[in-house]
Amino acid sequence: MKNRILGNKGFEISEVGLGCWQIGGNWGNGIQENKAFEILEEAVASGITFFDTADVYGDGRSEKLIGEFLKTTKADIKIATKFGRGANVFPDKYSEQALRDSVEASKERLNVDCIDLLQLHCIPTEELKKGKIFEWLRALKQEGKIAHFGASVESVEQGFICLEQEGLQSLQVIYNIFRQKLTQELLPQAADKGVGIIVRLPLASGLLTGKFSSGTTFSENDHRNFNKDGEIFNVGETFAGLPFNKGVQLANELKTICPSEISMVEMALRWILDHKEVTTIIPGASSPNHIKDNAKASELTPLSKKLMNDLDTFYKEKVHAHIRGVY
């Protein structure tokens, strides 16, 4: 496992991290505590040193399980959590006290004195523009309650707004072969400002595994069932904003581009890592085997220039026009 530095004056983390929303039990089948610990243990065994969670994942369950796990390991794990999507604040009830209360609750669940990275959790554009919330974050950093702060965003516009804020350490973005708009402007500007990039949904909610068919179904409480058209939250968070059947069709076409010596998953993850602006990717995992498969991406040689060009052309000619929602 190779490591990268998260932004200027940031910390070193594995270039493949772990998205921990699944162990919280939201938006999919619940994971039992022993299974969650097996996933976290395999992550450490695979060299992963970055866990990404949020206060609302399982109403704090994800943070609490991570906090319990941290008591059992000597590994130097950096934890990123989030604030901003709780029912008490979203979409327009944000206050400094609510932020402070959330940070204290997260610290207690994570069993830490200082949060390594606190991220705004896809809060509305209007709140980002006001800028007040960043003042509150800077105060918390100065007080030593958080070491760094960043923002998880849903659009390029939101990313640019956040990049104007002094002290921003990272941006968390949706970025994958099916969602490449960020490549041209946002990623280079983040790099120029010394802001690290954390990539979520690197496999487009599983589409880029190449394992789905038009007949694939998902459980009732899986976001790939109830949010496939953006019914509950931003459509881009599910299947990268593509209609499911179109996404399956495009994934099948990608199989003809994928080199025979690597899998679709490996190609998709390596494609992201081959963009030097990216610090880490945070695929989720519902089993230890998923961890092992995802971690392999760090060991792979970079994709060829021809393949990178082919994937760029594929996106521009076949994918971009079908993406829905704020982007």
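**Exercise 1. Backbone oddities**

Task: Find where P91 lies, and state which residue a cis peptide bond joins to P91.

Solution:
- Step 1. P91 lies in the loop between β5 and α4. Helices (H or I, at least four residues) and strands (E, at least two) are DSSP runs, numbered from the N terminus.
- Step 2. The partner is F90: a cis peptide bond joins F90 and P91, with omega at about 10 degrees.

The model is predicted: local features need pLDDT of at least 70, side-chain atom pairs count only at pLDDT 80 or more, and totals for chains, interfaces and linings use all residues. Residues are numbered from 1 along each chain as its sequence is written, and side-chain values use heavy atoms, with hydrogens and water left out.

Task: Give phi, place and exposure of N111, then do the matching job for L201.

Solution:
- Step 1. N111 has a phi near 60 degrees, a positive value in a residue other than glycine.
- Step 2. N111 sits in the loop between α4 and β6 (117-121).
- Step 3. N111 has a relative accessible area of 47%, so N111 is partly exposed. Buried means under 20% relative accessible area, exposed over 50%, and partly exposed in between (1.4 Å probe, protein chains only).
- Step 4. L201 is not a glycine, yet its phi is positive, about 50 degrees.
- Step 5. The loop between β9 (196-200) and α9 holds L201.
- Step 6. L201 counts as buried because its relative accessibility is 18%.

**Exercise 2. Aromatic rings**

Task: Classify the pair Y175 and W271, and place both residues in the chain.

Solution:
- Step 1. A pair of aromatic rings is described by the distance of the centres and the angle of the planes. Rings of Phe, Tyr and Trp (its six-membered ring) pair if their centres lie within 6.5 Å; planes under 30 degrees apart count as stacked, over 60 as edge-to-face and the rest as tilted.
- Step 2. The whole structure holds ten aromatic pairs.
- Step 3. For Y175 and W271, the centres are 5.0 Å apart and the planes stand at 40 degrees, so this pair is tilted.
- Step 4. Y175 is in the loop between β8 (168-174) and α8 (186-192), while W271 is in helix α11. They are 96 residues apart, and the pair links distant parts of the chain.
- Step 5. Y175 is buried, at 0% relative accessible area. W271 is buried too, at 2%.

Task: Classify the pair F226 and F233.

Solution:
- Step 1. The ring centres of F226 and F233 are 6.4 Å apart, and the planes meet at 85 degrees.
- Step 2. That angle makes the pair edge-to-face.
- Step 3. Both F226 and F233 are buried.

Task: Which residues have a charge over the ring of Y327?

Solution:
- Step 1. A charge sits over a ring if NZ of Lys or CZ of Arg is within 6 Å of the ring centre and within 35 degrees of the ring normal.
- Step 2. R179 has its charged end over the ring of Y327, 4.1 Å from the centre.
- Step 3. K181 lies over the face of Y327, at 5.3 Å from the ring centre.

**Exercise 3. Empty space**

Task: Describe the largest pocket by volume and lining.

Solution:
- Step 1. On a 1 Å grid over the protein atoms alone, a cavity is a set of points where a 1.4 Å probe fits but cannot get out, and a pocket is an open set with protein on both sides within 12 Å along at least five of seven lines; lining residues have an atom within 4 Å of a point.
- Step 2. Grid points are joined across faces, edges and corners, and a volume is the space filled by probe spheres set on the points.
- Step 3. The largest pocket holds about 1,400 Å³ of space.
- Step 4. Its lining has 50 residues, and W21, Q22, L201, H223 and G284 are the closest to its centre.
- Step 5. The lining has 20 nonpolar, 18 polar and twelve charged residues. Ala, Val, Leu, Ile, Met, Phe, Trp, Tyr, Cys and Pro count as nonpolar, Asp, Glu, Lys and Arg as charged, and the others, Gly among them, as polar.

Task: Which helix gives the largest share of the lining of the second largest pocket?

Solution:
- Step 1. The second largest pocket has about 190 Å³ of space.
- Step 2. Its lining includes K181, W271 and Y315.
- Step 3. Helix α13 (residues 305-319) gives the largest share, five residues.
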